[in-house]
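Me: Please take me through the assembly shown below, beginning with how its chains are related and then turning to the DNA.

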There are 2 protein chains.
Amino acid sequence: MTTKPMLAAPMPPDIAPIENVPLRVQVADRLRSAILSGRLRPGTGLVETALAEQMNVSRAPIREAIQILENDGLVETIAYKGKRVKPLTAREVAETYSLREVFEVMAVRRILENGAPLDLLREHCDAMTEAAEADDFEALVAADEAFHHALIMLADHDLLLASWKNLYLRIHQIMALRNRDEHNLTEVAGNHPPIVQALADGDADRAVKLISDHTRILAAFDPATIAQDL
Amino acid sequence: MTTKPMLAAPMPPDIAPIENVPLRVQVADRLRSAILSGRLRPGTGLVETALAEQMNVSRAPIREAIQILENDGLVETIAYKGKRVKPLTAREVAETYSLREVFEVMAVRRILENGAPLDLLREHCDAMTEAAEADDFEALVAADEAFHHALIMLADHDLLLASWKNLYLRIHQIMALRNRDEHNLTEVAGNHPPIVQALADGDADRAVKLISDHTRILAAFDPATIAQDL
DNA sequence: CACTTATGGATTGTCGACATTACACAACAG
DNA sequence: CTGTTGTGTAATGTCGACAATCCATAAGTG
């Protein structure tokens, strides 16, 4: 009866836990990284054969990788015509941020209902403050993402987390395409501690208002900077 | 020598504007329909070779179709192991409805801000009432979806619409797996007109509360009915 | 010259075959 | 009988080649 193979040795004996990553995933990761970093700008055409030769793989993994990115909403396909990095319109940018606001407000409400611990958030706040003082843009962006990621995770809602992650891909892309001068680092960093404080106080209305305002500040942008029709 | 009829008229000459639908899309549509109708229950394994032979196509379109469904969140893949219709846990069902609530609340708020016309909503309300009086479950479900779809569309937010559509796929699936006896048709139908009225009155708080309550009523379910670990 | 009609090239769509991996079961040793 | 090891099978992963489609451009016609 080997319905469930109970292993006497519960350890993974392999020294090398080499996760066997399918090629399509590797390709998708590389392409996604290129898009999110802004190296592959919106509107750039993605030709399967060229990518296949460039990465020394067959077209099949390339196709599937591109489809993954399409699912992420980063690429769009026109049948028999071509595939390209999805153009970013000003409207899409605005919608992305407004949806993010709704997600984060939902997270705040759930955190207050469930009474999640706030230590993580405080840590990320400190990291942001340090980054702002050092005028380190990359570090601040990383800490900011960590903060909001933690915020969503504390909401304990897998579907919300997945949706937020997907949405945040575009946030990443947008920020990469932006001019960093648009951001006031100290102001961005300073926005966060009050949110944590409001959460600690259990003040839902204040926390919601703070997180909303914070998101809206980030959403303020110059459409001409990134919006492209092609 | 093309046999194509030469037409002086600049009109689209083909009587049949046969949209050339890729096989992967046709396959994806068929599979999605089967899943959403409950014919393919959660946990069911999807074997590429079997499906390929069954539908008389190669494995490539099948693979890509399954990946589309994976993007829809209806299928999950375990590398080198197999693919199956994603099992529905009680938690996922609850999360699906709670996220839907957030989406619809967002739509209500935007509708009130933008002052969208409400005629469409009233029409769908009437259709639901008729369906409830005729005890026609299918018609009520259709009218209900039309109502909520219209609600989201009136919010004039493409990203919200896309997210809602994706989420509603699972709602479809859940409803198909449910016992229809769980629903009180007249009650469900009766929930909607007050929402429209609140919108017409411009009463944001009341509209939000009504839509929230309505969603939560729908979310009430017996986990054992649909939840499956395998 | 204006307008229609071929034609060529480039790109995606589909196919069948082979490679790789993981699990289950049998064979075997203690 | 218990635990380990080998082997087979079934599934996905990857590949190269061919077909279908669209677009741009050139050729032809009044």
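Me: What rotation superposes chain A on chain B?
Reply: This is a predicted model in which local features need pLDDT of at least 70, side-chain atom pairs count only at pLDDT 80 or more, and totals for chains, interfaces and linings use all residues. Residues are numbered from 1 along each chain as its sequence is written, chains are lettered from A and ligands numbered from 1 in the order in which they are written, and side-chain values use heavy atoms, with hydrogens and water left out. Superposition is by least squares on the C-alpha atoms of residues with pLDDT of at least 70 in both copies. With an RMSD of 0.1 Å and 0.0 Å of shift along the axis, chain A is brought onto chain B by a rotation of 180°.

Me: Which relation is that, and which C-alpha of chain A is nearest the axis?
Reply: The relation is that of a two-fold axis. In chain A, the C-alpha nearest this axis lies 2.8 Å from it and belongs to A:Asn71.

Me: What area is buried between chain A and chain B?
Reply: The contact (heavy atoms within 4.5 Å) takes 25 residues from chain A and 25 residues from chain B. Buried area is the accessible area (1.4 Å probe) that two parts lose on being put together, summed over both. Carbon and sulfur atoms give 51% of the area buried between the two chains, which is about 2200 Å².

Me: How many salt bridges cross the interface of chain A and chain B?
Reply: A salt bridge places a side-chain nitrogen of Lys or Arg within 4 Å of a carboxyl oxygen of Asp or Glu. The side chains of A:Arg91 and B:Asp158 form one, at 3.7 Å from N to O. Across the interface of chain A and chain B, the number of salt bridges found is 6.

Me: Which residues come nearest to DNA strand C?
Reply: A residue is near the strand if one of its heavy atoms lies within 4 Å of it. A polar side-chain atom of B:Arg24 lies 3.0 Å from a phosphate oxygen of DNA strand C, and a polar backbone atom of B:Leu23 is 2.4 Å from a phosphate oxygen of this strand. Of the 24 residues around DNA strand C, those that come nearest are A:Arg59, A:Arg63, B:Leu23, B:Arg24 and B:Ser58.

Me: What share of the atoms of DNA strand C within 4 Å of the protein belongs to sugar or phosphate?
Reply: A backbone N or O atom of A:Glu48 lies 3.2 Å from a phosphate oxygen of the strand. Among the atoms of DNA strand C within 4 Å of the protein, bases supply the rest and the share of sugar or phosphate is 71%.

Note on methods:
Polar contact = N/O pair within 3.5 Å; in protein donor to acceptor, adjacent residues only side chain to side chain.
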